[in-house]
Every structure is written in C-alpha cells, then in structure tokens.
Amino acid sequence: MTRWAITVMQRSSSQSTTSSSSGSGKPADYVTFERSTAGFSDDAVHRAKAAQLKLEHFYKVAVEAAIERNTRRVELERKLQTAVMTSDDRKHRQLQQLGKKESTYLRLRRTRLGLDDFRTVKVIGKGAFGEVRLVQKTDTGKIYAMKTLKKEEMLKKDQLAHVRAERDVLAESNSAWVVQLFYSFQDSQTLYLIMEFLPGGDLMTMLIKYDTFSEDVTRFYIAECVLAIDTVHKLGFIHRDIKPDNILIDKDGHIKLSDFGLSTGFHKQHDSSYYQRLLDSSNGVQSPAAAARNSVMVNAIHLTMSSKDQIATWKANRRKLAYSTVGTPDYIAPEIFQQKGYGNECDWWSLGAIMFECLVGYPPFCSENTHDTYQKIIQWQYHLMFPDDVHLSREAEDLIRRLITSQDRRLNIEQIKNHPFFYGVEWDTIRLIDAPFVPHLRSITDTSYFPTDEIEQAPAEGPVADATDAQKDLAFLGYTFKRFTISSHTA
C-alpha cells in the first residue's frame with residue numbers, strides 16, 4: 001500500500017464521524033477533493049492547460065483517422081458488392097491495394113515535414129502576411145506552390161481564425177474548382193501550405209494585360225467562377241474575399257479559387273474570440289466580452305490621384321494594392337462592412353463587381369482611397385453607374401444589377417445559372433471545353449505568367465528559437481495536414 005493511500009485512509013477515518021452525521025447518504029470513508037489551481041504558479045497552470053489541449057487534440061485526431069480509414073474501407077466494400085462484372089480475384093486485389101495505400105499514408109503521417117524538404121525555385125507572390133514560392137520536393141522532384149505565413153504577424157493582427165479557416169477549406173475540398181492542398185505544417189515561426197502550382201497566373205494579371213474582355217470571354221470566366229463559389233458554399237464556407245487576384249488559371253486555362261484567408265465556416269475555430277479565450281485561459285486570464293465575429297477591418301491607404309486620372313492611376317496601383325497589408329475593398333459586399341449579419345450571398349456581390357471590371361475595365365466603386373470606396377459601396381444605390389462609352393448587352397447589365405444589389409434581392413445560385421446572360425452554357429461540362437486563353441508553358445517550372453521581376457528573390461528563412469514559441473504553437477495546434485490521396489502516387 002502506497003504512502004498516499006495510507007494518508008487518504010487516515011484522513012477518511014478521522015472524518016468518518018462527521019460524514020455519517022451529515023446525513024448526505026455518502027459512505028463514512030468518502031473523501032472530497034477540491035479542484036483548484038490555487039497554490040500553483042502561473043507557469044504550472046499554463047503548462048497544464050497546454051498539456052490538456054495537446055492530449056485532447058492527439059486523441060481526437062487518432063479517433064478521426066480511425067473513423068476515416070474505416071469509412072474508406074466500407075465505401076470500397078460497398079462499391080465492390082455492386083460491381084457484378086468484377087471477378088472476386090480483382091475485388092480482392094483492390095482491397096489489398098487500399099490496405100497498402102493506408103499503410104503508406106500512416107507512414108506519411110508519422111513523417112515530420114519541414115522547410116528542408118523543399119527547394120525554392122522562385123518567389124512568385126507577396127501578400128500581407130507572407131509570400132508564395134514555387135518549390136520542388138527534394139525526395140520526389142514534384143513541383144508545388146508553397147504559401148508561408150508568419151506566426152508573429154498572425155497573432156499580432158488577430159488573424160488566427162482566418163488562417164485556420166483557410167487551412168480547413170483547402171483540406172476539406174477535393175474539388176477541381178478549388179486549389180488543392182497537399183500538406184500543411186509549421187515550425188516555431190512560420191506556417192506552411194503546400195499546394196498545387198497553377199502556372200497560368202491569376203485573373204488580375206489578365207485584366208491588367210488585356211484591360212477588358214469580350215462578353216463571350218467574360219461569360220466563360222464568370223460561369224466557371226459561379227461553379228467554384230458554389231463549391232465553396234456547399235462545403236459550408238463563405239469566401240468573403242472573391243477578387244481577380246484570388247482567381248487562378250491552371251495549365252489548361254480553367255480557373256480555381258485560392259486564398260481563403262478571409263473565409264469563414266462558422267465553426268468555433270473560425271471565430272476570432274475562440275483563440276482569444278484559448279490564449280487567455282492558458283495564461284489564467286479571464287476574457288472580456290467577445291468582439292464582433294471575424295470582423296473584416298479595412299484600414300485607409302491613400303493613393304495620390306487627380307479626378308482626371310483616377311481610373312488610370314487605380315490601374316497602375318492595382319498590383320501595389322494586392323501586395324499591401326490593406327488590400328482593396330473594391331469587391332467586398334456592404335453587409336460585411338456594416339457587420340449586420342450576412343450569408344453566402346456576399347460572395348455573389350463580389351462576383352458582380354468582377355464581372356463589371358471584366359466588361360468595363362475597372363471595378364464599379366474604385367475611388368481615390370479605400371475610405372471613399374467604402375463609402376460608395378455602403379451607398380451603392382447612388383454610385384453604381386455604367387459609363388456611356390461602354391456598350392453592354394441588356395443581359396450583361398441586368399445580371400450585374402441583380403448581383404450588385406441588396407441582400408434580399410440578390411440572385412441565388414439557381415437564379416444565376418438560369419439567367420439569360422448564361423444562355424447556352426453547359427454547366428456540367430464547361431471544364432471540358434477549350435478555354436479562351438491557354439498558357440503557353442516552356443517547362444513545369446515556367447513562371448512567366450507571374451510578375452516575378454517585381455518581387456525580391458530572397459531565400460526562405462529557417463526557424464529561430466524564441467521564448468514565446470510555446471504559446472504560438474498552442475494557438476496553431478492542429479494546423480498540420482497531409483492529404484490521403486497523395487499516398488497513391490507517393491508525393
């Protein structure tokens with residue numbers, strides 16, 4: 001018998017009389033232990049909370065992985081049962097093949113990926129909180145786009161919820177309309193997203209180059225955007241930042257949505273207040289009342305413009321706005337700014353603004369500075385105007401007006417697809433037809449459709465020890481991801 005057990009028995013013996021007389025119905029040797037952190041140091045409380053969260057996450061992931069494995073096995077068995085023309089020997093081989101894939105995937109999950117596993121080919125993009133690099137995986141030679149995000153900046157700018165939402169929508173999607181995520185991992189200072197590389201650049205680059213599109217070309221890209229946005233909505237997410245910069249072009253000229261840094265899925269981990277409570281509780285701090293959920297803050301960035309050259313200067317500064325920490329609010333729906341509640345219809349407003357730019361040459365509410373743009377969007381009824389020198393079909397203008405309108409009057413997905421502007425569009429096979437623009441690529445690492453000459457080509461920075469690493473890691477717990485399907489071709 002241990003010393004602890006003897007002490008408990010002695011204590012319970014001395015309290016037996018009191019317990020019996022209390023009339024509580026509990027046995028005489030019942031011992032009550034008070035759960036309290038009083039007497040523990042702040043450091044001990046923080047470490048205990050961190051250990052609790054990590055253990056909970058470990059077992060949650062283990063259980064979810066087991067359920068996913070079982071689901072894949074059951075789905076294959078059900079599929080094979082209905083395949084009456086398939087021989088038993090072939091069915092057995094398919095089951096064995098799945099077993100080998102699962103084993104490979106389990107080994108992959110145990111592998112710890114790091115920056116050293118990838119070689120930088122070129123920096124192809126800069127963003128508010130990080131950059132995008134074209135990289136090659138050292139062991140397989142496969143080419144990917146690697147997006148990096150600085151943890152310190154994420155914490156400082158209260159972007160934890162947005163970062164997690166972006167990772168989740170990419171991880172949960174297996175659609176041809178969304179950029180595919182293969183891996184996500186982290187070190188002490190940086191988050192890494194390893195995604196497919198789309199060599200055709202983005203729609204913003206095309207608009208800068210061609211200025212405007214014909215209605216036929218616009219119909220193609222807007223139709224594909226409709227299907228891409230609907231895919232995100234069906235996953236249970238709202239993008240909230242649909243703009244030409246985030247519409248990428250693949251090697252065949254078709255589009256895919258990217259950059260879900262402002263998206264929300266209305267899960268607890270997509271709520272900024274969740275992370276504030278998490279960090280506060282780990283430090284023994286009581287959180288104040290939560291702020292508005294996932295508010296989108298747009299700070300002023302002033303561009304020097306005269307009224308005469310407003311549109312031309314806006315175009316010249318378009319790339320600078322994309323790289324700035326502010327970005328551009330030109331495509332954001334008014335209800336997001338007003339924070340009065342909104343649903344996925346806010347993404348359709350953004351699509352209407354993009355369609356306007358494709359046909360007219362600039363967004364409908366572009367102004368001298370973001371504050372003026374914001375004011376125009378809020379009072380859109382007085383500022384949505386079509387220039388006299390641009391001739392649009394009645395169907396095109398009608399669709400734009402039915403997208404850039406109040407929430408309750410905005411078209412839904414079925415109404416959009418049935419609109420006369422899209423007459424003749426084969427929605428089920430649009431991705432199989434020839435795109436109006438197909439990138440001409442010299443190699444698998446061709447970056448000619450990206451403005452790499454404007455970007456400083458600095459080497460990737462490795463992790464450096466930091467005293468606040470433990471707290472940072474706690475905030476990004478569960479960020480790591482490896483896609484199951486990649487085990488089939490050993491990426």
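Begin with the whole protein chain in view: among its contacts with a separation of 6 or more, 71% are between residues 24 or more positions apart. Keep in mind throughout the tour that this is a predicted model. Colour the chain by secondary structure, and you can look for 17 helices and eight strands. Of the 491 residues in the chain, 47% count as buried. If you switch on a surface, the exposed area comes to about 26200 Å², with carbon and sulfur atoms supplying 51% of it.

**First stop: the nonpolar core**

Select Tyr221, Val226 and Phe422, which touch the most other members of the largest nonpolar core, a group of 73 residues. The largest share of this core, eleven residues, is supplied by helix α12, residues 345-360. In soluble globular proteins, nonpolar side chains tend to be buried together.

Stay with Tyr221 for a moment and show what surrounds this residue. Which residues does Tyr221 touch, not counting those up to four places away in sequence? They are Leu203, Met206, Phe213, Ile249, Gly253, Ile255, Pro436 and Phe437. Apart from this core lies another one, made of eleven residues, and Leu115, Val135, Phe182 and Ile194 are among them.

**Second stop: helix α12**

Now select helix α12 on its own and look along its length. It has 16 residues and reaches 23 Å from its first C-alpha to its last, which is close to the 22 Å expected at 1.5 Å a residue. Is α12 mostly covered or mostly uncovered? It is mostly covered, with 16 of its 16 residues buried. Just after the helix, select Gly361, which takes a positive phi of about 115 degrees.

**Third stop: Lys147 and Gly127**

Move to strand β3, residues 143-150, and select Lys147 there. Lys147 counts as buried because its relative accessibility is 13%, and the cut-off for buried is under 20%. Leaving aside residues up to four places away in sequence, Lys147 touches Glu131, Val132, Glu166, Leu191, Tyr192, Leu193, Met195 and Asp259.

Next select Gly127, in the loop between β1 (118-126) and β2 (130-137). Gly127 and Lys147 are 20 residues apart in sequence, and their C-alpha atoms are 9.5 Å apart in space. Unlike the buried Lys147, Gly127 is partly exposed, with a relative accessible area of 34%.

**Fourth stop: three salt bridges**

The structure holds 14 salt bridges, and three of them are worth selecting here. Begin with Lys256 and Glu196, whose side chains meet at 2.8 Å, N to O. This pair links distant parts of the chain, since Lys256 is in strand β7 (residues 255-257) and Glu196 is in the loop between β5 (190-195) and α6 (203-210), 60 residues apart. Both Lys256 and Glu196 are buried.

Then select Asp250 and Arg431, which form a salt bridge with their closest N and O atoms 3.0 Å apart. Asp250 lies in the loop between β6 (247-249) and β7, while Arg431 lies in the loop between α16 (413-417) and α17 (469-475), so the salt bridge ties together parts that are 181 residues apart in sequence. Asp250 is buried, with a relative accessible area of 9%.

For the third pair, select Asp398 and Arg402, whose side chains meet in a salt bridge at 2.8 Å, N to O. Where do these two residues lie in relation to one another? They are four residues apart in helix α15 (residues 394-403), and therefore about one helical turn separates them. An α-helix has 3.6 residues a turn, so residues three or four places apart point the same way. Asp398 is partly exposed at 28% relative accessibility, and Arg402 is partly exposed too, at 40%.

**Fifth stop: two positive phi angles**

Most residues other than glycine have a negative phi. With that in mind, select Asp211, which is not a glycine and yet has a positive phi of about 75 degrees. Asp211 is found in the loop between α6 and α7 (215-234), and it is partly exposed, with a relative accessible area of 36%.

Then select Arg240, again not a glycine, with a positive phi of about 70 degrees. Arg240 sits in the loop between α7 and β6, and it is buried, with a relative accessible area of 2%.

**Last stop: a patch on the surface**

Finish by selecting Leu55, Phe58 and Tyr59, which make a nonpolar surface patch of about 370 Å². To place this patch along the chain, note that Leu55 is in helix α2, residues 42-82.

Conventions. Residues numbered from 1 in each chain as written. Predicted model: local features only at pLDDT ≥ 70, side-chain atom pairs only at ≥ 80, totals over all residues. Heavy atoms only, no water. Core = buried A, V, L, I, M, F, W, Y, C linked by side-chain atoms within 4.5 Å. Buried < 20%, exposed > 50% of the residue type's maximum accessible area, 1.4 Å probe, protein only. Contact = heavy atoms within 4.5 Å. Expected span 1.5 Å × (residues − 1). Patch = residues over 30% accessible without salt bridge, like charges linked within 9 Å, V, L, I, M, F, W, Y side chains within 5 Å. Areas by Shrake-Rupley, 256 points an atom, 1.4 Å probe, with all protein chains shown as cover. Salt bridge = Lys/Arg side-chain N within 4 Å of Asp/Glu carboxyl O.
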